[in-house]
Amino acid sequence: MRRIDFVTLRLFVAIAETRSLTRAAEREHLALAAVSKRVSDLEGQLDVSLLYRQPKGVELTPAGHALLHHARNLLDNLQQLDADLSEFSQGVKGHVRIHANTSAVIEFLPEDLSAFARQHPEVKIDLEERVSSDTLRALREGLTDIGIFAGHMPAEDLQVFPYREDRLVLVTPREHPLAGRECIALREAAGFDFIGLQQDASLHALLQQSAQQMGTPLAPAHSGTQL
């Protein structure tokens with residue numbers, strides 16, 4: 001396996017951003033000769049050309065663009081690793097990553113996480129809002145520790161516990177034919193235009209599926225967004 005040190009990766013990112021070996025050397029506080037040798041050694045190690053040398057600077061080759069993408073990811077991950085570990089030295093004893101859908105983030109998690117944080121100040125919580133399908137994908141790929149998603153989503157391969165229940169309501173203008181109703185079935189509303197969440201949201205999929213089972217698919221609003 002090829003060994004590439006982080007100093008060289010940081011230097012390569014500087015070269016890509018400044019488009020100049022000289023300016024990259026100044027930015028990284030290195031001698032120009034040392035920068036040129038590191039780049040040459042890197043190209044030799046990878047057996048590819050990373051830069052087009054031009055009179056007014058350098059440009060990345062296709063291989064250089066590929067390396068730049070991975071170098072930035074690696075350096076970002078290294079920076080995050082340093083930040084996470086430094087928190088442990090300051091008293092943090094745990095780190096929990098949570099992905100949750102919009103309903104949970106808006107309605108339930110603020111109060112629950114606030115209470116948890118008061119009881120366990122030494123535990124850091126990272127919360128990201130995601131649609132349910134993305135949350136399930138993150139759980140399966142190990143990118144999050146806890147996922148909160150819509151209950152109708154298939155998750156037989158995961159350990160699942162009920163969290164909260166949502167109550168859906170229909171919002172209409174005052175003059176709408178359905179306004180004033182205390183209770184209404186989806187079948188009665190399906191013929192009207194719906195405006196709401198993005199189409200990849202689990203709630204949208206649930207409503208569409210329920211309406212199709214009744215033989216009355218939801219009508220999209222003229223804006224293209226749906227509920």
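Two strands count as paired here if DSSP finds at least two bridges between them. Keep that in mind for the strands on this tour, and remember throughout that you're looking at a predicted model.

**Warm-up: the hairpin**

Select residues 51-54 and 57-60. These are β1 and β2, which run antiparallel and are joined by four bridges. Now pick out Leu-51: standing opposite this residue in β2 is Leu-60. Follow the chain from β1 to β2 and you'll pass through a hairpin connection of two residues.

**Zoom out for a moment**

Show the whole chain as a cartoon. You should be able to find eight helices and seven strands. Colour by burial and 30% of the 227 residues come up as buried. Switch on a surface and you have about 15300 Å² exposed, with carbon and sulfur atoms supplying 53% of that area. As for contacts, take those with a sequence separation of 6 or more: 58% of them link residues 24 or more positions apart.

**Helix α1, end to end**

Next, select residues 6-18, which is helix α1. How far apart are its end C-alpha atoms? They are 18 Å apart, and since 13 residues at 1.5 Å a residue should span 18 Å, the helix agrees with expectation.

Start at the front. A side-chain oxygen of Asp-5 comes to within 3.1 Å of the backbone nitrogen of Val-7, so show both residues as sticks. *Then* move on to Thr-8, also in α1. Is Thr-8 buried or exposed? Its relative accessible area is 7%, so Thr-8 is buried. Beyond the residues up to four places away in sequence, Thr-8 touches Arg-38 and Leu-42.

To see what else in α1 is tucked away, highlight its buried residues, among them Leu-9, Leu-11, Phe-12, Val-13 and Ile-15.

Now slide along to Thr-18, another α1 residue. Thr-18 has 17% relative accessibility, and because the cut-off for buried is under 20%, Thr-18 counts as buried. Show its side chain and look back along the helix: the side chain reaches the backbone oxygen of Ala-14 at 2.8 Å. With neighbours within four places in sequence left aside, Thr-18 is in contact with Arg-23, Ala-24 and Arg-27.

**Two backbone oddities**

Step just past α1 to Arg-19. This residue isn't a glycine, but has a positive phi of about 55°. Arg-19 sits in the loop between α1 and α2, and at 49% relative accessibility counts as partly exposed.

For another one, jump to His-29, in the loop between α2 and α3. His-29 isn't a glycine either, and has a positive phi of about 60°. Turn on the surface here: with a relative accessible area of 71%, His-29 is exposed.

**Leu-21 and its company**

Go back to α2 (21-28) and select Leu-21, which lies in that helix. Leu-21 is buried, with a relative accessible area of 17%. Which residues does Leu-21 touch, not counting those up to four places away in sequence? Select Ile-15, Leu-32, Val-35, Val-39, Leu-51 and Val-58. You've met Leu-51 already, opposite Leu-60 in the hairpin stop. While you're in this area, draw a distance from Leu-21 to Arg-53: they are 32 residues apart in sequence, and their C-alpha atoms are 9.7 Å apart in space.

**A β-α-β unit**

Hide everything except residues 94-129. Strand β3 (residues 94-100), helix α5 (residues 102-119) and β4 form a right-handed β-α-β unit. The strands β3 and β4 (residues 123-129) run parallel, with seven bridges joining them. For a landmark on this pair, click Val-96 and look across to β4, where Ile-125 stands opposite. With the side chains on, bear in mind that in a regular strand they alternate between the two faces of the sheet.

**Last stop: a loop residue**

Finish at Val-160, in the loop between β5 (146-148) and α7 (186-189). Val-160 is partly exposed, with a relative accessible area of 48%. Setting aside neighbours within four places in sequence, its contacts are Phe-149 and Ala-155. One more distance to draw: the C-alpha atoms of Val-160 and Ile-148 are separated by 9.4 Å, with their positions 12 residues apart along the chain.

Definitions and conventions. Residues numbered from 1 in each chain as written. Predicted model: local features only at pLDDT ≥ 70, side-chain atom pairs only at ≥ 80, totals over all residues. Heavy atoms only, no water. Right-handed = clockwise from strand over helix to strand, strands pointing away. Buried < 20%, exposed > 50% of the residue type's maximum accessible area, 1.4 Å probe, protein only. Contact = heavy atoms within 4.5 Å. Expected span 1.5 Å × (residues − 1). Polar contact = N/O pair within 3.5 Å; in protein donor to acceptor, adjacent residues only side chain to side chain. Areas by Shrake-Rupley, 256 points an atom, 1.4 Å probe, with all protein chains shown as cover.
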